[in-house]
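Q: Hi! Could you walk me through this one with me?

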Amino acid sequence: MAHIITYQSKLLQRNESLIGAIQSYQHWAILSDGLFIIRQEGVTPISIRDHLSRFCKPGDQLFVAELKREAAWAGYAENITTWLQSNL
């Protein structure tokens, strides 16, 4: 199942430990600063949030939602488009 993850740092700084935790999932793509899609079986938005929250700093915002198969996008590089087509 695919999930979308967004985060925003209160200090507007990159959170490398959070990014590393997101990249620990089986399949992942970075769509833009603070916007990721992951695909991994056996996880839920709540379990992802609980795992990633450990890497957030006070005041950071984190959002996780399950994605369904239907999606549309434009302007992304070919490798991202290929990843999206294969993983959504």
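A: Happy to. One term before we start: contact means heavy atoms within 4.5 Å.

Q: Great. Leaving aside its neighbours within four places in sequence, which residues is Y25 in contact with?
A: Y25 touches I38, Q40, V43, I48, H51 and L52, once those sequence neighbours are set aside.

Q: Before I go on, what kind of model is this?
A: This is a predicted model, where local features need pLDDT of at least 70, side-chain atom pairs count only at pLDDT 80 or more, and totals for chains, interfaces and linings use all residues. Residues are numbered from 1 along each chain as its sequence is written, and side-chain values use heavy atoms, with hydrogens and water left out.

Q: What's the mean pLDDT of the chain?
A: The mean is 89, and 98% of the residues reach 70 or more; pLDDT is the predictor's confidence in each residue, from 0 to 100.

Q: Which elements have the lowest and highest mean pLDDT?
A: Helix α3 (residues 78-87) has the lowest, at 87, and α2 the highest, at 96. Helices (H or I, at least four residues) and strands (E, at least two) are DSSP runs, numbered from the N terminus.

Q: Back to the inside. Which residues touch the most other members in the largest nonpolar core?
A: That core has 13 residues, and I5, I22, Y25, F36, I38, I48 and L52 touch the most other members. Two or more residues each come from β1 (2-8), α1 (16-23), β3 (35-39) and α2 (45-53), with α1 giving the most, 4 residues. A nonpolar core here is a set of buried Ala, Val, Leu, Ile, Met, Phe, Trp, Tyr and Cys residues joined through side-chain atoms within 4.5 Å. Buried means under 20% relative accessible area, exposed over 50%, and partly exposed in between (1.4 Å probe, protein chains only).

Q: How many aromatic pairs does a search of the whole structure find?
A: It finds 1. The ring centres of Y7 and F36 are 6.4 Å apart with planes at 20 degrees, so they are stacked. Rings of Phe, Tyr and Trp (its six-membered ring) pair if their centres lie within 6.5 Å; planes under 30 degrees apart count as stacked, over 60 as edge-to-face and the rest as tilted.

Q: Is F36 buried or exposed?
A: F36 is buried, at 1% relative accessibility, and Y7 is buried too, at 12%.

Q: And how many salt bridges?
A: There is 1, joining the side chains of R49 and D50 (2.8 Å, N to O). The criterion is a side-chain nitrogen of Lys or Arg within 4 Å of a carboxyl oxygen of Asp or Glu.
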